[in-house]
Amino acid sequence: MIGYIEAVRELACELLDLMAEGLWVPDRSVFSRLIRDDDSDSIIRLNHYPPMPILCKDKDSSSPCNHNRVGFGEHSDPQILTILRSNDVGGLQISLNDGAWVPVTPDPSAFCVNVGDLLQAMTNGRFVSVRHKALTNSYKSRMSMAYFAAPPLNARIAVPPEMVTPIKPALYRPFSWAEFKKAAFALRLGDSRLGLFRMEEYEQVA
């Protein structure tokens with residue numbers, strides 16, 4: 001497990017370095033150094049979704065009674081980046097801009113990468129955190145491993161100055177991961193957290 005965590009951390013850092021490079025940020029490690037920090041608050045979670053058969057009261061076999069149940073409700077990940085692997089059982093769904101839910105085809109040999117709320121704030125909205133949920137399967141167990149790449153609790157979360165212009169001002173005020181984490185856990189799972197840290201909200205309070 002320790003070896004796996006080290007490997008996915010390096011993968012997350014490599015992806016973040018490429019993102020910074022693609023955004024033309026001079027300091028290529030501006031995002032990844034937060035995860036490499038010895039005090040990083042990153043965690044790994046192993047999920048098991050047992051089969052949840054739904055009994056059909058209608059004896060008509062043509063009736064659609066094999067509906068999947070929600071195993072983990074709609075939400076976005078509050079951290080920087082999530083590296084996810086699962087077995088060959090489907091269940092992960094992501095929400096598109098129009099609100100439609102799209103299933104993600106399971107592939108045990110591939111990683112699924114989710115942008116988190118912190119990365120959305122640090123890239124000034126260029127990368128957007130994805131809302132997703134997990135459904136159970138009626139007949140098979142679903143297993144997944146999620147590595148949540150997070151900064152130290154006292155880390156200052158802010159957009160790099162190179163990404164702020166008069167045409168594209170900062171969307172979010174600077175905040176610490178501890179401050180954001182506290183706000184996230186005070187809300188319901190599906191509530192939007194970043195809205196509390198938008199610049200206009202901060203200016204109105206000030």
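This is a short talk on the core, the cavity and the pocket of one protein chain.

Okay, so first thing, this is a predicted model, and I'll start with how confident the predictor is. The mean pLDDT of the chain is 87, with 88% of the residues at 70 or more. By element, helix α2 comes out highest, at a mean of 97, while α5, residues 199-205, sits lowest at 58. Then there's the stretch 58-66, where pLDDT is below 50. Leaving out near neighbours in sequence, that stretch has five contacts in the model.

Right, the core. The largest nonpolar core has 36 residues. Which of them touch the most other members? Those are Leu 16, Phe 31, Ile 35, Ile 80, Leu 81 and Leu 119. If you go by element, α1 (2-22) gives the largest share, seven residues. Elements that supply at least two each include α2 (32-36), β3 (81-86) and α3 (117-122), and β8 (142-149) and α4 (177-186) do so as well.

Let me stay on Leu 81 for a second. Setting aside anything within four places in sequence, its contacts include Ala 12, Leu 15, Leu 16 and Met 19. It also touches the run Val 113, Asn 114, Val 115 and Gly 116, plus Leu 119. And then you have Tyr 147, Phe 148 and Ala 149 on the list too.

Now, empty space. We count one cavity of 30 Å³ or more, and it holds about 150 Å³. It has 17 lining residues, and the closest to the centre are Arg 45, Asn 47, Tyr 49, Leu 84 and His 132. What's the lining made of: how many nonpolar, polar and charged? Seven nonpolar, six polar and four charged. Strand β8 gives the most, with four residues. β1 (43-49), β2 (70-75), β3 and β7 (132-135) are also among the elements giving two or more.

Last one, the largest pocket, at about 340 Å³. There are 18 residues around it, and closest to the centre you'll find Arg 45, Pro 78, Gln 79, Phe 185 and Arg 193. So Arg 45 turns up on both lists, for the cavity and for the pocket. The pocket lining splits into nine nonpolar, three polar and six charged residues. Here α4 has the largest share, four residues, and β1 and β2 each supply at least two.

That's what I had, so have a look at the model and we can talk.

How values were computed
Residues numbered from 1 in each chain as written. Predicted model: local features only at pLDDT ≥ 70, side-chain atom pairs only at ≥ 80, totals over all residues. Heavy atoms only, no water. Core = buried A, V, L, I, M, F, W, Y, C linked by side-chain atoms within 4.5 Å. Buried < 20%, exposed > 50% of the residue type's maximum accessible area, 1.4 Å probe, protein only. Contact = heavy atoms within 4.5 Å. 1 Å grid on protein atoms, 1.4 Å probe; cavity = no way out; pocket = protein on both sides within 12 Å on 5 of 7 lines; lining within 4 Å. Points joined across faces, edges and corners; volume = space filled by probe spheres on them. Nonpolar A, V, L, I, M, F, W, Y, C, P; charged D, E, K, R; others polar. pLDDT = per-residue confidence, 0-100.
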